[in-house]
Amino acid sequence: KGNNPIQSDWIRSVPAWPTSSSTNAPNPQEEEEDAFPWSHDDAHGDAARMSIGTRVSTVGMMRHPHPHHHLRHHLHHRHAQCCRCWHAAVNRVGYPSARTRGGVRGAGTRPCCHPEGDRHPQASPNQYPSQHQHRNGNNGIRHRNGNGNGGNGVPKHLAVIMDGNHRWALACGLRGEEGHRAGVDAFRVLIQGAMDYGIQALTVYAFSLDNWKRDSGEREFLFRLFETCLAEELPALVQSCVHIHFIGKRDALPSNLQRAMRTAERESAAAAAPGGAKLHLVVAMNYNSRDDIARGMRRLACDVEGRKVSSDQVDANLVEEYLSTSVLPKAIRHPDMLLRTSGEQRLSNFLLWELAYAELCFVDINWPDFDREAFTHLVQVYASRNRTFGARA
């Protein structure tokens, strides 16, 4: 007891998630990563899910403040086969549902897992704050003390691995594709929250180079979904002065998707130019960090060989200019915090250089369940961290 989270008396042991032998359960031996356009879903570890409500990590987990969080996790993944059952179950133990919380679970219309169940109460899709409505505030979030996180207590740059779409769908008795579609709603919540809290840059892991190991049918579905979502969200993002950037090896992607990506970059850049971007949205598409670093170093080596750069000039600052994240303003290239949903605790070849000093936060909820309450708690977790960058606090 006391300050030891392992011995906290509200933590209970609950049954583990279904093993790989269970019906519809993912195979823990699958190659990672099980991702999407709005989800970097990882297939590892389902059979070894920790059995406490709040996982404890040496790098720091987000602890849900409610004492019934372990019940929510247990009910969602073991007993609740539909959203209606889940909300009824967690309400019986007192956990606030989407109907009673202050926020909304998503910003679009997510299909209910129950064929006859009510849809979650949602805000209208494509409703991001415009450049006139945007407020560069922190909604009362303050850092813990006078040093560390800087002026407003929120991260300037947030990186997100959106993991768990497929698991969410299986837990609801749905096909995996429905989990990816539901993840789009959580993405809207992420964008809205970033703009409301004044976050300046948001980088999301959409599709990894490792995802080419999947069958062609799944890849084609993901690419079509990405293209559709981009077309639907672009007008609202442009109106809100969100500057969109894509990083990764786009030449291997379908030509229609490449064309949509170029259009999004061009139109969002033009809209953000007059007064500056309210948010830089970086989408890592067909990306992994080791490949990005290797390609950057090849370009640097060519410049050294061509005498454009002296070998004496090569340092960390120069290396960064050859990475794909150099599309961002220098002051916000490095994420202040990394969020990964679904409980997995690894970087999965994402922004390995840029995350060197980032605060790491791993949460048990699957990506489609990421809502405004979870976003607010994420900002509070960041505000509680004391960042010294090697100096004395």
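How many helices and strands are there in the protein chain? In this predicted model, the protein chain holds nine helices and six strands.

**Figure 1. Overall view of the protein chain, with its 393 residues.** Buried residues make up 53% of the chain in this predicted model. When contacts between residues at least 6 apart in sequence are considered, 74% of them join residues that are at least 24 apart. The close-up views that follow take up the cores, two helix pairs and several single residues.

**Figure 2. Close-up of the largest nonpolar core, which has 51 residues.** L202 and L281 are the residues with the most contacts inside this core, and helix α5, which covers residues 216–239, gives the most to the core, with 10 residues. Once neighbours within four places in sequence are set aside, L202 is in contact with H157, L158 and V160, with L190, I191 and A194, and with L279, H280, L281 and V282. L281 thus appears both among the contacts of L202 and beside L202 as a residue with the most contacts inside the core. A second core, separate from this one, has 15 residues, and Y205, F350, L355 and A358 are among them.

**Figure 3. Close-up of the packing of helix α4 (residues 176–196) with α5.** The two axes come within 11 Å and cross at roughly 30 degrees, and because this angle is under 35 degrees, α4 counts as roughly parallel to α5. The crossing of this pair is right-handed. On the α4 side the contact is made by E177, H180, R181, V184, R188 and I191, and on the α5 side by E218, F221, L222, L225, C229, E232, E233 and L237. Sorted by class, the contact of α4 with α5 comprises seven nonpolar residues, one polar residue and six charged residues. I191, which α4 brings to this contact, is also one of the residues in contact with L202.

**Figure 4. Close-up of the packing of helix α5 with α6.** Here the axes come within 10 Å and cross at roughly 15 degrees, an arrangement that makes α5 roughly parallel to α6. The crossing of α5 and α6 is left-handed, whereas that of α4 and α5 is right-handed. From α5 the contact draws on F223, F226, E227, L230, L234 and V238, and from α6 on N256, L257, A260, M261, T263, A264, E267, S268 and A271. By class, the contact of α5 with α6 has 10 nonpolar, three polar and two charged residues.

**Figure 5. Close-up of R250, in the loop between β3 (242–247) and α6 (255–272).** The relative accessibility of R250 is 22%, so that R250 counts as partly exposed. Leaving out neighbours within four places in sequence, R250 is in contact with Q258, M261, R262 and E265; of these, M261 also takes part in the contact of α5 with α6. R250 and M285 are 35 residues apart in sequence, while their C-alpha atoms are 7.1 Å apart in space.

**Figure 6. Close-up of R333, in the loop between α8 (316–320) and β5 (337–340).** With a relative accessible area of 7%, R333 is buried. Residues up to four places away in sequence not being counted, R333 touches H157, E320, E321, T325, S326, L328 and E354. H157, which is touched by R333, is also in contact with L202.

**Figure 7. Close-up of L318, in helix α8.** L318 has a relative accessible area of 19% and is buried, because the cut-off for this class is under 20%. Apart from neighbours within four places in sequence, L318 is in contact with L300, V309 and Q313. The residues L318 and L300 are 18 apart in sequence and 8.9 Å apart in space, C-alpha to C-alpha.

**Figure 8. Close-up of S348 and F389, each with a positive phi.** Most residues other than glycine have a negative phi. S348, although not a glycine, has a positive phi of about 50 degrees; S348 is placed in the loop between β5 and β6 (359–362) and is buried, with a relative accessible area of 9%. F389, likewise not a glycine, has a positive phi of about 55 degrees, and its place is in the segment after α9 (372–384).

Notes
Residues are numbered from 1 along each chain as its sequence is written. This is a predicted model: local features need pLDDT of at least 70, side-chain atom pairs count only at pLDDT 80 or more; totals for chains, interfaces and linings use all residues. Side-chain values use heavy atoms; hydrogens and water are left out. A nonpolar core is a set of buried Ala, Val, Leu, Ile, Met, Phe, Trp, Tyr and Cys residues joined through side-chain atoms within 4.5 Å. Buried means under 20% relative accessible area, exposed over 50%, partly exposed in between (1.4 Å probe, protein chains only). Helices (H or I, at least four residues) and strands (E, at least two) are DSSP runs, numbered from the N terminus. Contact means heavy atoms within 4.5 Å. Axes are lines fitted to C-alpha atoms, for helices over the stretch in contact, and angles run from 0 to 180 degrees between N-to-C directions. Angles under 35 degrees count as roughly parallel, over 145 as roughly antiparallel, 65 to 115 as roughly perpendicular and the rest as oblique. A crossing is left-handed if the near helix is turned anticlockwise from the far one by less than a right angle, and right-handed if clockwise. Ala, Val, Leu, Ile, Met, Phe, Trp, Tyr, Cys and Pro count as nonpolar, Asp, Glu, Lys and Arg as charged, and the others, Gly among them, as polar.
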